[in-house]
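Work through these exercises with the sequence and the 3D view side by side. Try each task before you read its solution.

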Amino acid sequence: MLEVEDLHVSYGGIGAVHGVSLSVGPGQIVTVIGPNGAGKTTLLNAVMGVHPGRGRVRFGGQDVGRLGVEGRVRAGMGLVPEKRELFSTLTVEDNLRLGGFRHRGAGRAAARGALDEVYALFPRLLERRRQHAGTLSGGERQMLAMGRALMARPDLLMLDEPSLGLAPLIVREVFGIIAGLRASGCAILLVEQNARAALQVADHGYVLETGRVALDGPSAGLAGDARVIETYLGIGTE
């Protein structure tokens, strides 16, 4: 579904991502883990077209390198950014409706159907639908950001640090929802510092260090790798 080949990204002439290649298959959850400053967010932004990069990005067999963000959304890609970027003075429902622009012109029934799907996935948002987004808790804001992206019914959803700042109980809930999305056929590219949670839910993983892929493989294999265990899972090796 997604193929990234030899991607390079720079900020002000300074390289942030160096020749990264990765792929995500239909219905797969693929995670990118690594330390702060490794280039994980930059990688997602380049794949989504938020930041320019050199290399090839193919989605659904189509080269999307010349498409901007809106074009990539229309092609079926979605991104939930780390900062969530909600409209705090708008209601929960208004924020969700803004996410459905990919299907403008499809009629009210299609918009209502997408909204009902999001509310079924996130019942708490249904309860809070008339509240302003700025009044929500951190976990509810993350759910709203995910729900808004899902309003476009993407074929690929990219998530940037969905566990950031959330209590452990809410993190488990969010990752449970991510796992559930796989059953609906939505592919996931997950950038996450919580390596343990990410590897538990993902099918395949990439370890990004200083802008380069240091390791990759099936998630179960990475979770058992001595270097990953010591560096990212917080368990010392003998």
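**Exercise 1. How many bridges join strand S4 to S5, and in which sense do the two run?**

Solution. The model is a predicted one.
- Step 1. Find S4 at residues 54-59. Two bridges join S4 to S5.
- Step 2. Check the sense. The two strands run antiparallel.
- Step 3. Pick out a facing pair. Arg58 stands opposite Asp63 in S5.
- Step 4. Place the pair in its sheet. Four strands form an open sheet in the order S2-S1-S4-S5, with antiparallel pairing. S2 (14-24) and S5 (62-63) are the edge strands, and each pairs on one side only.

**Exercise 2. Does the end-to-end distance of helix H7 agree or disagree with the span expected at 1.5 Å a residue? Then find which residues of H7 are buried.**

Solution.
- Step 1. Count the residues. H7 covers residues 168-183, which is 16 residues.
- Step 2. Work out the span. The expected span is 1.5 Å times one less than the number of residues. For H7 that gives 22 Å.
- Step 3. Compare. The end C-alpha atoms of H7 are 24 Å apart, which agrees.
- Step 4. List the buried residues of H7. They are Ile170, Val171, Val174, Phe175, Ile177, Ile178 and Leu181.
- Step 5. Look down the axis. These residues cover an arc of only 150°, which puts them on the same side of H7. The rule behind this: an α-helix has 3.6 residues a turn, so residues three or four places apart point the same way.
- Step 6. Turn to the other side of H7. Pro168, Leu169, Arg172 and Ala183 are exposed there.
- Step 7. Step just past the helix. Gly185 takes a positive phi of about 95° just after H7.

**Exercise 3. Which residues have the most contacts inside the largest nonpolar core?**

Solution.
- Step 1. Take the core as a whole. The largest nonpolar core has 46 residues.
- Step 2. Name its best-connected members. Leu157, Ile178 and Ile188 have the most contacts inside this core.
- Step 3. Ask which element gives the most to this core. The element is H7, with seven residues.
- Step 4. Zoom in on Ile178. Setting aside neighbours within four places in sequence, Ile178 is in contact with Ile29, Met146, Leu159, Pro162, Ile188 and Leu190.
- Step 5. Look for another core. A second, separate core of 30 residues includes Val9, Val32, Val57 and Ala152.

**Exercise 4. How many residues of strand S9 are buried? Then find the partners of S9.**

Solution.
- Step 1. Count along residues 204-209. Six of the six residues are buried, so S9 is largely enclosed by the rest of the structure.
- Step 2. Sort the side chains by direction. His204, Tyr206 and Leu208 point one way from S9. Gly205, Val207 and Glu209 point the other way.
- Step 3. Take one partner, S3 (residues 29-33). S3 and S9 pair in the parallel sense over four bridges. Ile33 stands opposite Val207 in S9.
- Step 4. Take another partner, S10 (residues 212-218). S9 and S10 pair in the antiparallel sense over six bridges. His204 stands opposite Pro218 in S10.
- Step 5. Inspect the turn. The hairpin of S9 and S10 has two residues between the strands. In this hairpin, Thr210 takes a positive phi near 45°. Thr210 is exposed, with a relative accessible area of 59%. The cut-off for exposed is over 50%.

**Exercise 5. Which side chain makes a polar contact with the side chain of Glu209?**

Solution.
- Step 1. Locate the residue. Glu209 is in strand S9.
- Step 2. Find the polar contact. The side chain of Glu209 makes one with the side chain of Tyr232, at 2.6 Å.
- Step 3. List what Glu209 touches, not counting residues up to four places away in sequence. The residues are Pro35, Ala38, Ala214, Arg227 and Tyr232.

**Exercise 6. Is helix H6 mostly covered or mostly exposed?**

Solution.
- Step 1. Test the length. The 13 residues of H6 (138-150) should span 18 Å, and the end C-alpha atoms are 18 Å apart, which agrees.
- Step 2. Count the buried residues. H6 is mostly covered, with 11 of its 13 residues buried. Among them are Met143, Leu144 and Met146.
- Step 3. Move on to the loop between H6 and strand S7 (156-160). Arg153 lies there. Phi of Arg153 is near 50°, a positive value in a residue other than glycine. At 31% relative accessibility, Arg153 counts as partly exposed.

Conventions:
Residues are numbered from 1 along each chain as its sequence is written. This is a predicted model: local features need pLDDT of at least 70, side-chain atom pairs count only at pLDDT 80 or more; totals for chains, interfaces and linings use all residues. Side-chain values use heavy atoms; hydrogens and water are left out. Buried means under 20% relative accessible area, exposed over 50%, partly exposed in between (1.4 Å probe, protein chains only). The arc is that of the directions from the helix axis to the C-beta atoms. Two strands pair if DSSP finds at least two bridges between them. A nonpolar core is a set of buried Ala, Val, Leu, Ile, Met, Phe, Trp, Tyr and Cys residues joined through side-chain atoms within 4.5 Å. Contact means heavy atoms within 4.5 Å. A polar contact is a pair of N or O atoms within 3.5 Å; within protein, one must be able to donate a hydrogen and the other to accept it, and residues adjacent in sequence count only if both atoms are side-chain atoms.
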